[in-house]
Amino acid sequence: MKQVQFYLINEVEQGTIASEEFLACELAAKAWRVGKRVLISCESEEQALNIDEALWARQADDFVPHNLSGEVTTYATPIEITWAGKRNAQHRDLLISLQKNVPDFINSFNQIIDFVPVDETLKIQARERYRHYRQLGWHLETIQT
């Protein structure tokens, strides 16, 4: 069954990045450690660069192999960071979505992670995404951070 986990964010920032971006990095690292291939889909290229920088800034023993969509690598990395209008076609197990709208490629995933930020406007957009997934028949779970 296709599943979406919505994480309720209760902080605006975590250091130099938004709390949902920080949590996206943590969840991607956790998923990679259990063998999943992850796509982090950002709203913008700027946000993708923030995620990329945050993953590079991790401690050496916490390193997470990743790349930005379109970067030439010898081998496919387990975590790919993309943004609206830019996506590699490699198979991934988990979609971590930071987009304001439901991405049009969700049907190629069985598991999605989404976020409900603190900002009221962003909460309304998250509720719209929730309704969209529910209409599609996905199993929905809400997780308090």
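**Exercise 1.** In what order do the seven strands of the open sheet stand, and is their pairing parallel or antiparallel?

*Solution.* The structure under study is a predicted model. Begin with the general rule: strands of a sheet pair through backbone hydrogen bonds, and the pairing may be parallel or antiparallel. Here the order is β5-β6-β4-β7-β8-β1-β9, and the pairing is parallel. Next, find the edges: β5 (66-68) and β9 (139-144) each pair on one side only. Finally, from one strand to the next the twist averages 20°.

**Exercise 2.** Determine how many bridges join strand β4 to strand β7, and which residue of β7 stands opposite isoleucine 40.

*Solution.* Strand β4 covers residues 38-42 and strand β7 covers residues 94-97; the two run parallel and are joined by four bridges. Opposite isoleucine 40 stands isoleucine 96 in β7.

**Exercise 3.** Identify the strands touched by helix α2 and those touched by helix α3.

*Solution.* Take helix α2 (residues 45-56) to begin with: this helix packs on the sheet and touches β4, β5 and β6 (79-83). The direction of α2 makes about 155° with that of β6. Then turn to helix α3 (residues 120-135), which packs on the sheet against β1 (3-8), β8 (111-116) and β9. Its direction makes about 150° with that of β8.

**Exercise 4.** Describe the surroundings of glutamate 20.

*Solution.* Locate the residue: glutamate 20 lies in helix α1 (residues 19-33). Glutamate 20 is buried, yet has no salt bridge. The nearest side chain of opposite charge belongs to arginine 129, 8.2 Å away, whereas a salt bridge requires a distance within 4 Å. Leaving aside residues up to four places away in sequence, glutamate 20 touches Ile9, Leu98, Phe115 and Pro117.

Methods. Residues numbered from 1 in each chain as written. Predicted model: local features only at pLDDT ≥ 70, side-chain atom pairs only at ≥ 80, totals over all residues. Heavy atoms only, no water. Pairing = 2+ DSSP bridges. Axes fitted to C-alpha atoms, helices over the stretch in contact; angles between N-to-C directions. Contact = heavy atoms within 4.5 Å. Buried < 20%, exposed > 50% of the residue type's maximum accessible area, 1.4 Å probe, protein only. Lys, Arg positive; Asp, Glu negative; His and termini not counted.
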